[in-house]
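Let's take a friendly walk through this protein, one region at a time. Have the coordinates open in your viewer as you read.

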Amino acid sequence: RAGLGGTDNGLDGYWYAFAMFAPEQFIKGEEAVMFEIENIVKNGVTAEELRTHKETVDGSFKVALASAQGMASVLLDNAEQGRPHEFIDNYVPMINRITLDEVNAALRKYIRLDTIVTVAAGSIDRDKKPL
């Protein structure tokens with residue numbers, strides 16, 4: 001899984017990739033994650049991947065607005081971020097206007113392979129070997 005974190009209250013935040021592996025598969029798993037990150041920076045996402053993600057954002061946002069608790073959460077987040085009320089109505093159309101070229105340019109600009117930090121926890125030693 002991958003996503004954005006730490007973007008509350010106007011902070012720049014960070015992008016992360018997260019994966020879990022059995023200790024004996026850690027090295028192969030780490031290599032596979034790095035391969036995918038390098039591939040996405042080099043080649044970008046596909047039109048199909050972008051379309052699928054836009055559909056997910058659209059559906060998730062509509063589901064969030066379908067309950068009183070979800071609506072309250074969206075309204076509170078909107079207020080905390082200092083956005084105008086119209087943002088709620090414009091959010092999905094704004095997401096849908098994002099182009100494939102914009103996404104891939106942002107990936108190349110902001111994912112810096114030279115600053116990636118790996119954090120590992122679990123039953124492995126300092127050499128990434130199972131305990």
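Leaving aside neighbours within four places in sequence, which residues is Leu113 in contact with? They are Ile37, Glu38 and Val41. Before going on, please keep in mind that this is a predicted model.

## Leu113 and the segment after helix 5

Leu113 sits in the segment after helix 5. Is Leu113 buried, partly exposed or exposed? The relative accessibility of Leu113 is 37%, so this residue counts as partly exposed.

For a sense of distance, try Leu113 against Leu75. These two leucines are 38 residues apart in sequence, and their C-alpha atoms lie 36 Å apart in space.

## The largest nonpolar core

Two of the contacts of Leu113, Ile37 and Val41, bring us to the next stop. The largest nonpolar core has seven residues in all: Ile37, Val41, Val45, Leu50, Val103, Leu107 and Ile111. At least two residues of this core come from helix 1 (26–43), and at least two from helix 5 (100–110).

Leu50 is a good member of the core to click on. Not counting residues up to four places away in sequence, Leu50 touches Ile98, Thr99, Leu100 and Val103. Of these, Val103 is itself listed in the core.

## Asn104, a buried polar side chain

Next along from Val103 is Asn104, which lies in helix 5. With a relative accessible area of 9%, Asn104 falls under the 20% limit and is therefore buried. Which residues does Asn104 touch, not counting those up to four places away in sequence? Gly44 and Val45 are the ones, and Val45 is also part of the largest nonpolar core.

## Salt bridges

Side chains of opposite charge can pair when their charged atoms come close. In this model the count comes to six salt bridges.

One of them joins Glu30 and Lys128, with 2.8 Å between the closest N and O atoms. Glu30 belongs to helix 1 and Lys128 to the segment after helix 5, so this pair ties together parts that are 98 residues apart in sequence. The two partners differ in how they are covered: Glu30 counts as buried at 16% relative accessibility, whereas Lys128 is partly exposed at 33%.

Other bridges stay within helix 2 (residues 47–64). Glu55 and Arg51 meet in a salt bridge of 2.3 Å, N to O, and they are four residues apart in that helix, about one turn. Glu55 is partly exposed at 48% relative accessibility, and Arg51 is partly exposed at 36%. These two also belong to a network of salt bridges that links Glu48, Arg51 and Glu55.

Lys62 and Asp58 make another pair, their closest N and O atoms being 3.2 Å apart. Both residues lie in helix 2, again four residues apart, or about one turn of the helix. Lys62 is exposed, with a relative accessible area of 53%, while Asp58 counts as buried at 19%. The limit for buried is under 20%, so Asp58 at 19% meets it.

## The second largest pocket

Helix 2 also takes part in a pocket. About how much space lies in the second largest pocket? The value is about 260 Å³. Of the 13 residues that line this pocket, the closest to its centre are Val57, Ser60, Phe61, Val74 and Tyr91.

Helix 2, helix 3 (68–80) and helix 4 (86–97) each supply at least two residues of the lining. Helix 2 gives the most, with six residues. If you plan to look at the chemistry of the lining, the classes are seven nonpolar, four polar and two charged residues.

## Thr7 and the loop between strands 1 and 2

Our last stop is Thr7, found in the loop between strand 1 (2–5) and strand 2 (14–17). Thr7 is partly exposed, with a relative accessible area of 35%.

What is Thr7 in contact with, leaving aside its neighbours within four places in sequence? The partners are Asp12, Gly13 and Gln81. By contrast, Thr7 and Asn43 are 26 Å apart in space, C-alpha to C-alpha, and 36 residues apart in sequence.

Conventions
Residues numbered from 1 in each chain as written. Predicted model: local features only at pLDDT ≥ 70, side-chain atom pairs only at ≥ 80, totals over all residues. Heavy atoms only, no water. Core = buried A, V, L, I, M, F, W, Y, C linked by side-chain atoms within 4.5 Å. Buried < 20%, exposed > 50% of the residue type's maximum accessible area, 1.4 Å probe, protein only. Contact = heavy atoms within 4.5 Å. Salt bridge = Lys/Arg side-chain N within 4 Å of Asp/Glu carboxyl O. 1 Å grid on protein atoms, 1.4 Å probe; cavity = no way out; pocket = protein on both sides within 12 Å on 5 of 7 lines; lining within 4 Å. Points joined across faces, edges and corners; volume = space filled by probe spheres on them. Nonpolar A, V, L, I, M, F, W, Y, C, P; charged D, E, K, R; others polar.
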